[in-house]
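The exercises below ask you to work from a sequence and its model towards a description of the fold. Try each task before reading its solution.

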Amino acid sequence: MIGPGTSVRVYLACGATDMRKGIAGLAALTQDVLRQKPTGGAVFAFRGRMDDRVKLLYWDGQGFCLYCKVLSRGRFPWPSASDGVARLTSAQLAMLWEGIDWRRPDWGAPPARVG
């Protein structure tokens with residue numbers, strides 16, 4: 001994914017967001033609901049009622065970038081609306097984007113030692 005570097009701040013809007021919203025609508029939510037400056041260089045993640053789609057809003061210094069992903073199978077893990085806003089690391093954002101549960105990644109058992 002073309003986008004922000006590894007030191008970026010990531011804010012996840014808990015609960016469901018109207019996925020019909022575009023850049024202007026999501027930027028307004030960022031300011032009004034998340035209480036963050038949409039042009040501050042952070043990534044803002046939103047998920048709709050259908051848990052197979054997510055949108056990321058990011059200001060790259062010249063304009064807004066809007067990324068959208070719809071999973072063909074599975075769902076994006078998401079906190080409930082009562083959690084408000086969650087902060088993620090860039091590594092957790094990468095896991096989220098790949099459809100991996102960033103709250104409990106399953107890396108599997110370490111390989112058995114031979115010898």
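Accessible areas are obtained by the Shrake-Rupley method with a 1.4 Å probe, and for residues only the protein chains shown count as cover. By that method the protein chain exposes about 7,100 Å², of which carbon and sulfur atoms supply 51%. The model is predicted, so local features need pLDDT of at least 70 and side-chain atom pairs count only at pLDDT 80 or more, while totals for chains, interfaces and linings use all residues. Residues are numbered from 1 along each chain as its sequence is written, and side-chain values use heavy atoms, with hydrogens and water left out.

**Exercise 1. State which pattern the protein chain follows when read along the sequence.**

Step one is to list the elements, where helices (H or I, at least four residues) and strands (E, at least two) are DSSP runs numbered from the N terminus. The protein chain has two helices and five strands. Step two is to put them in order, which gives β-α-β-β-β-β-α.

**Exercise 2. Work out how strand 1 is paired, and in which direction its partners run.**

Two strands pair if DSSP finds at least two bridges between them. Strand 1 (residues 10-13) and strand 2 (residues 43-47) run parallel and are joined by three bridges, with valine 43 as the bridge partner of valine 10. Between these two strands the chain passes through helix 1 (residues 23-32), and this β-α-β crossover is right-handed (with the strands pointing away from the viewer, the path from the first strand over the helix to the second runs clockwise). Strand 5 (residues 85-88) runs antiparallel to strand 1 and is joined to it by four bridges, tyrosine 11 standing opposite arginine 87.

**Exercise 3. Follow the pairing onwards from strand 2 to strand 3 and strand 4.**

Strand 2 and strand 3 run antiparallel with five bridges between them, and a hairpin joins them through five residues. Within this pairing, valine 43 stands opposite tyrosine 58. Tyrosine 58 in turn has cysteine 65 of strand 4 as a bridge partner, and seven bridges join strand 3 to strand 4, which run antiparallel. The hairpin of strand 3 and strand 4 has four residues between them, and glycine 61 in the turn has a positive phi of about 105°.

**Exercise 4. Explain why strand 3 is described as largely enclosed, and which face of helix 1 is lined by buried residues.**

Buried means under 20% relative accessible area, exposed over 50%, and partly exposed in between (1.4 Å probe, protein chains only). Five of the seven residues of strand 3 are buried, so strand 3 is largely enclosed by the rest of the structure. In helix 1 the buried residues are Leu26, Ala27 and Thr30. Seen down the axis of helix 1, they fall within an arc of 105° (taken from the directions from the helix axis to the C-beta atoms), so they line one face of the helix. Their cover includes strand 2, strand 3 and strand 4, counted by contact, meaning heavy atoms within 4.5 Å.

**Exercise 5. Identify which element gives the most to the largest nonpolar core.**

A nonpolar core is a set of buried Ala, Val, Leu, Ile, Met, Phe, Trp, Tyr and Cys residues joined through side-chain atoms within 4.5 Å. The largest has 21 residues, and those with the most contacts inside it are Leu12, Val43, Leu56, Trp78, Leu88 and Leu96. Helix 2 gives the most to this core, with four residues. A second, separate core of 10 residues includes Ala13, Met19, Leu34 and Ala42.
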